[in-house]
Amino acid sequence: MPLKYRIHPAIGIARVGDSPDDYFIGPEAPGISPTLKKPDDQSAQPGTYKDGQQRIKRQGARFRIYEYTEDAAGVVTKVREITLAEAQIEWEVHLANRKAAAPRLQGAGPRNAGVPERKLIIDAGLHKIGGPNQPMKKLQGKFMETIDVQLGDLLTDNAGRLIILGGHGQSQSLPQNKLEDFADNDGWCDDVADGPVRATIQLNGSAAPVAADSAWVIVAPPDFAPPIENVITLYDRVYDMMAKFNPALAVGAKTKVSFTKDIYPIFRRVSNLHWVSDVAASHHGEGMPDHFISDVKELASKDNVRAGPILRALRNPKDGGGHMPKVPGKSVPPGAALTEVQYKRMERWAKGRFDADWTGAEPAPVPFDKLAEKDKPQALDRAALEACVGGPFFPGIEVSRLVLEKSTYDEKRPFRINDAKLSPGALTEGMAVPWQADFRDCGAEGAADWWPSQRPIQVRRGHQRDAEWMPEDWKDYIDMVHGWSQLGFVVAKMAGDKVEYVEDERSADLA
């Protein structure tokens with residue numbers, strides 16, 4: 001029977017942090033928060049997002065290799081993870097940052113016009129690693145042939161799985177240019193990046209190594225509100241693109257739509273945004289008419305009378321119209337609507353053509369180690385992307401609007417980037433440089449609903465229910481460049497028998 005080997009997650013997400021050594025592994029099962037400690041930390045102390053010196057830990061992307069056994073018809077009959085117990089594994093990673101050489105987000109021409117591209121691209125080069133418990137291996141390039149920029153580190157766990165850490169969130173300028181724009185700042189660089197992840201496996205007793213299906217890694221800014229979900233996640237966006245290749249993933253005439261699995265998550269995500277945005281709270285907060293999870297019993301019924309008005313409020317991804325999800329300004333950027341798959345599911349719900357399978361509570365998420373082996377690869381793919389923003393991409397937070405193009409993906413390898421076409425750094429090159437500039441502006445008046453689930457606007461702090469997350473005296477982009485790691489994280493805490501999402505780990509030095 002044919003054997004195939006694939007790296008999972010197909011697209012992994014690492015995040016920057018200014019802690020020099022501390023890190024944790026990002027989500028590996030849908031709905032399950034990561035353990036905020038190193039994989040080898042067995043202490044009883046709960047994990048935190050910051051280290052003992054109040055520096056933000058980096059989020060690592062951990063990659064595994066799975067063996068697929070297929071029958072003569074190409075149907076998968078068995079799935080198992082391959083570790084050092086069964087094989088020698090060699091990993092290969094190539095990270096780059098191409099932002100300074102990218103086209104300007106606004107206006108014509110490239111950033112840093114007139115400067116040779118070779119001086120602008122920060123390329124860490126190709127690096128290999130293998131074996132158990134390998135220590136951090138630095139991935140570093142140069143900007144303007146002068147500034148050393150660390151794009152990340154490679155290491156392995158005790159089973160030989162690869163862990164990729166991003167940079168330390170350091171943004172620099174040469175010469176000392178001012179920060180005057182939310183995205184296009186000449187002379188500036190940061191340490192986010194992306195690139196391919198490859199591996200070869202030589203099973204014990206075999207004569208030659210075999211290449212696994214490659215993956216991709218994206219290094220992004222921190223997620224400062226991890227338990228608050230995006231209405232449209234990056235998983236939703238990539239799934240929608242996969243449906244354009246594979247009709248079985250699309251919503252067809254015979255596709256079943258589940259209220260519990262397909263519809264309720266959208267209502268839950270919208271309803272929980274009030275914890276991080278006053279704009280959202282004014283419509284979807286507790287006690288407001290559109291706090292949907294308060295009315296879930298009614299919405300789960302095929303007889304509910306609100307379905308039509310709710311659907312009409314949604315922006316149709318094909319034809320426009322509607323005004324939700326809300327975005328500021330007059331123009332509607334790419335990715336500012338539900339995906340086609342999400343919208344078609346909502347259409348089915350509005351017409352009463354769905355499985356009314358709500359039992360009164362959403363099924364509890366299953367931890368990674370409790371999943372069946374055959375379900376683990378897909379869980380890794382989904383968990384990594386569900387914690388990311390799926391739009392709008394102006395310019396984006398983890399990845400640019402390149403994810404909206406079919407040519408970005410490998411049609412023959414589901415959920416995988418076309419690494420034969422895209423260069424390292426391609427997925428992040430169209431984003432803001434430095435990332436902190438756009439991060440600051442997306443909380444400004446008139447732009448307060450871009451990414452509140454990654455970059456909060458207002459938070460619960462102590463007894464204050466609408467505290468500004470970013471200090472009000474941060475008037476300039478440079479303030480975010482210098483102070484981002486002092487900001488707090490929104491976390492889940494119990495208040496009696498109820499879960500609340502409140503700010504924690506904020507620096508005492510901030511106003």
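**Entry 1: strands 8, 9 and 10**

I began with Lys138, which stands opposite Asp153 in strand 9. The model I am reading is a predicted one, and I kept that in mind for every entry below.

I then looked up how strand 8 (residues 137-143) is joined to strand 9, and found seven bridges in an antiparallel arrangement. The two strands form a hairpin with three residues between them. In that turn I noted Met144, whose phi is positive at about 55°.

On to the next pairing. Strand 9 and strand 10 (residues 162-165) also run antiparallel, joined by four bridges. Here I picked out Leu155, which stands opposite Ile163 in strand 10. Strand 9 and strand 10 form a hairpin as well, with five residues between them. Gly160 sits in this turn and has a positive phi of about 85°.

Is strand 9 enclosed or open? I found that nine of the ten residues of strand 9 (residues 147-156) are buried, so the strand is largely enclosed by the rest of the structure.

**Entry 2: helix 2**

I checked the length of helix 2 next. Its twelve residues reach 17 Å from the first C-alpha to the last, close to the 16 Å expected at 1.5 Å a residue.

At the N-terminal end I found a cap: a side-chain oxygen of Thr233 lies 3.3 Å from the backbone nitrogen of Tyr235.

I then went through burial. Helix 2 is mostly covered, with eleven of its twelve residues buried. Among the buried residues I wrote down Leu234, Tyr235, Asp236, Arg237 and Phe245, so charged side chains are on the list by the under 20% cut-off for relative accessible area. The buried residues of helix 2 pack against helix 3, helix 7 and helix 8.

**Entry 3: nonpolar cores**

I looked up the largest nonpolar core, which has 121 residues. Those with the most contacts inside this core are Phe63, Trp91, Val197, Phe259, Met346 and Trp349. Which element gives the largest share? Helix 2 (residues 234-245) does, with eight residues.

A second core, separate from that one, has nine residues, including Leu179, Ala183, Trp188 and Ala432.

I followed Phe63 further. Leaving out residues up to four places away in sequence, Phe63 touches Trp91 and Val197, and also, among others, Ile7, His8, Pro9, Arg161, Ala215 and Trp216.

**Entry 4: helix 8**

Helix 8 (residues 376-386) is mostly covered too, as nine of its eleven residues are buried. The buried residues include Lys376, Pro377, Asp381 and Glu386, along with Ala379, Leu380, Ala383, Ala384 and Leu385.

What covers them? I listed strand 1 (3-8), strand 2 (11-15), strand 4 (58-70) and strand 5 (76-82), and also helix 2 and helix 3 (259-272), as part of the cover.

**Entry 5: cis peptide bonds**

I noted a cis peptide bond between Met324 and Pro325, with omega about 0°. Pro325 is in the loop between helix 6 (307-313) and helix 7 (340-350).

I noted another cis bond between Gly391 and Pro392, with omega about -5°. Pro392 belongs to the loop that runs between helix 8 and helix 9 (435-441).

**Entry 6: Ser485, Gln54 and Glu505**

I located Ser485 in the loop between helix 10 (477-483) and strand 18 (489-495). Is Ser485 buried or exposed? Its relative accessible area is 11%, so I entered Ser485 as buried. The side chains of Ser485 and Asp18 are joined by a polar contact of 3.0 Å. Setting aside neighbours within four places in sequence, I have Ser485 in contact with Asp18, Lys50, Gln54 and Ile56.

That contact list led me to Gln54, which is in the loop between strand 3 (23-25) and strand 4. Gln54 is not a glycine, yet its phi is positive at about 65°. I entered Gln54 as partly exposed because its relative accessibility is 41%.

I looked up Glu505 last. Phi of Glu505 is near 65°, again a positive value in a residue other than glycine. Glu505 lies in the segment after strand 19 (498-504). With a relative accessibility of 14%, Glu505 counts as buried.

Notes: Residues are numbered from 1 along each chain as its sequence is written. This is a predicted model: local features need pLDDT of at least 70, side-chain atom pairs count only at pLDDT 80 or more; totals for chains, interfaces and linings use all residues. Side-chain values use heavy atoms; hydrogens and water are left out. Buried means under 20% relative accessible area, exposed over 50%, partly exposed in between (1.4 Å probe, protein chains only). A polar contact is a pair of N or O atoms within 3.5 Å; within protein, one must be able to donate a hydrogen and the other to accept it, and residues adjacent in sequence count only if both atoms are side-chain atoms. Contact means heavy atoms within 4.5 Å. A nonpolar core is a set of buried Ala, Val, Leu, Ile, Met, Phe, Trp, Tyr and Cys residues joined through side-chain atoms within 4.5 Å. Two strands pair if DSSP finds at least two bridges between them. The expected span of a helix is 1.5 Å times one less than its number of residues.
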